[in-house]
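Please walk through this fold from its overall layout to its core, and then out to a few individual residues.

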Amino acid sequence: MTHAPNIEGFDHLTFPVHDLDAAERFYVDVLRGRVVRRFDRATFQRFRPERAHETDADNSPLHVAIKFHDTPELHLFLQPNRPKTVPVPHPHLALRVDVDALDVFIDRLRRAGVPIDGPRRLGPPGHASVYFADPSGNT
């Protein structure tokens, strides 16, 4: 019997977004990630012309991949007709920020008009949490 290989870690995570440009601005300009790949309409049609009709589907293949330092990539997939939801506590993506920079990070969110909840002391001593959603309601 062949054993399955051990999982080495996460390669990427995905979030549905209503607007790729707005999502990219939020994750790059506000959260300071960097774009590592953009699979926009022109790119998709160049590589997959036989699937061009899928670009306007509810589950579109169009996406942008964002990276934060040495973390797995975050892939933001266009799903314009997905209902906007009220942000909920779970599931959520937990981001790590240097403790000395937390106040600066919170200020940056506020200046960008991002509603926040926190900081809260929910974890171990010295741990603080701030909850917020992206323009599509992902937390």
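What follows treats the chain as a whole, then its core and third helix, and then some single positions.

The model shown here is a predicted one, and its protein chain contains 3 helices and 6 strands, which succeed one another along the sequence in the pattern β-α-β-α-β-β-α-β-β. Taken along the principal axes, the C-alpha atoms of the protein chain fill a box of roughly 55 × 50 × 25 Å. The protein chain has 139 residues, of which 33% count as buried, and it exposes about 9,800 Å², with carbon and sulfur atoms supplying 54% of that area. Where contacts in the protein chain join residues at least 6 apart in sequence, 57% of them join residues at least 24 apart.

The interior is a good place to continue. The largest nonpolar core has 20 residues, and those with the most contacts inside it are Phe-26, Tyr-27, Leu-31, Leu-76, Leu-109 and Phe-132. At least two residues of this core come from each of strand 1 (12-17), helix 1 (20-30), strand 3 (63-67), strand 4 and helix 3, and helix 1 gives the most, with 5 residues. If neighbours within four places in sequence are left aside, Phe-26 is in contact with Leu-31, Val-114, Phe-132, Ala-133, Asp-134 and Pro-135. Ring pairs, moreover, link Phe-26, Tyr-27, Phe-105 and Phe-132 into a cluster.

Phe-105 leads on to helix 3, where the buried residues are Leu-102, Phe-105, Ile-106, Arg-108 and Leu-109. Why do these residues lie on the same side of helix 3? They do so because they cover an arc of only 160° around the axis. Asp-103, Val-104, Arg-110 and Arg-111, by contrast, are exposed on the other side of helix 3. The cover over the buried residues of helix 3 includes helix 1, strand 5 (116-120) and strand 6 (129-132). After helix 3 comes Gly-113, whose phi is positive, near 80°.

In the segment after strand 6 lies Asp-134, which was already named among the contacts of Phe-26. Is Asp-134 buried or exposed? With a relative accessibility of 6%, Asp-134 counts as buried, because it falls under the 20% that serves as the cut-off for burial. Apart from residues up to four places away in sequence, Asp-134 touches Phe-15, Val-17, Phe-26 and Tyr-27. A polar atom of the Asp-134 side chain also lies 2.8 Å from the backbone nitrogen of Ser-136.

Val-17, touched by Asp-134, is also in contact with Pro-80, as is His-18, when the neighbours of Pro-80 within four places in sequence are left aside. Pro-80 has its place in the loop between strand 4 (73-78) and helix 3 (102-111), and its relative accessible area of 37% makes it partly exposed. Although Pro-80 and Asn-59 are 21 residues apart in sequence, their C-alpha atoms are 8.6 Å apart in space.

Aromatic pairs offer another view of the model, and a search of the whole structure finds 5 of them. Phe-39 and Phe-44 form one that is edge-to-face, with 5.7 Å centre to centre and 85° between the planes. Phe-39 and Phe-47 form another that is stacked, with 6.4 Å centre to centre and 20° between the planes. The two partners of Phe-39 can also be described by their accessibility: Phe-44, at 2% relative accessibility, counts as buried, whereas Phe-47, with a relative accessible area of 52%, is exposed.

The loop between helix 2 (41-47) and strand 3 holds Glu-50. At 51% relative accessibility, Glu-50 counts as exposed, because exposure is assigned over 50%. The side chain of Glu-50 is joined to that of Arg-48 by a polar contact of 3.0 Å. Glu-50 and Ile-116, for their part, are 66 residues apart in sequence and 43 Å apart in space, C-alpha to C-alpha.

Methods. Residues numbered from 1 in each chain as written. Predicted model: local features only at pLDDT ≥ 70, side-chain atom pairs only at ≥ 80, totals over all residues. Heavy atoms only, no water. Helix = DSSP H or I, 4+ residues; strand = E, 2+ residues; numbered from the N terminus. Buried < 20%, exposed > 50% of the residue type's maximum accessible area, 1.4 Å probe, protein only. Contact = heavy atoms within 4.5 Å. Core = buried A, V, L, I, M, F, W, Y, C linked by side-chain atoms within 4.5 Å. Arc of directions from axis to C-beta. Polar contact = N/O pair within 3.5 Å; in protein donor to acceptor, adjacent residues only side chain to side chain. Areas by Shrake-Rupley, 256 points an atom, 1.4 Å probe, with all protein chains shown as cover. Phe/Tyr/Trp six-rings, centres within 6.5 Å; stacked < 30°, edge-to-face > 60°.
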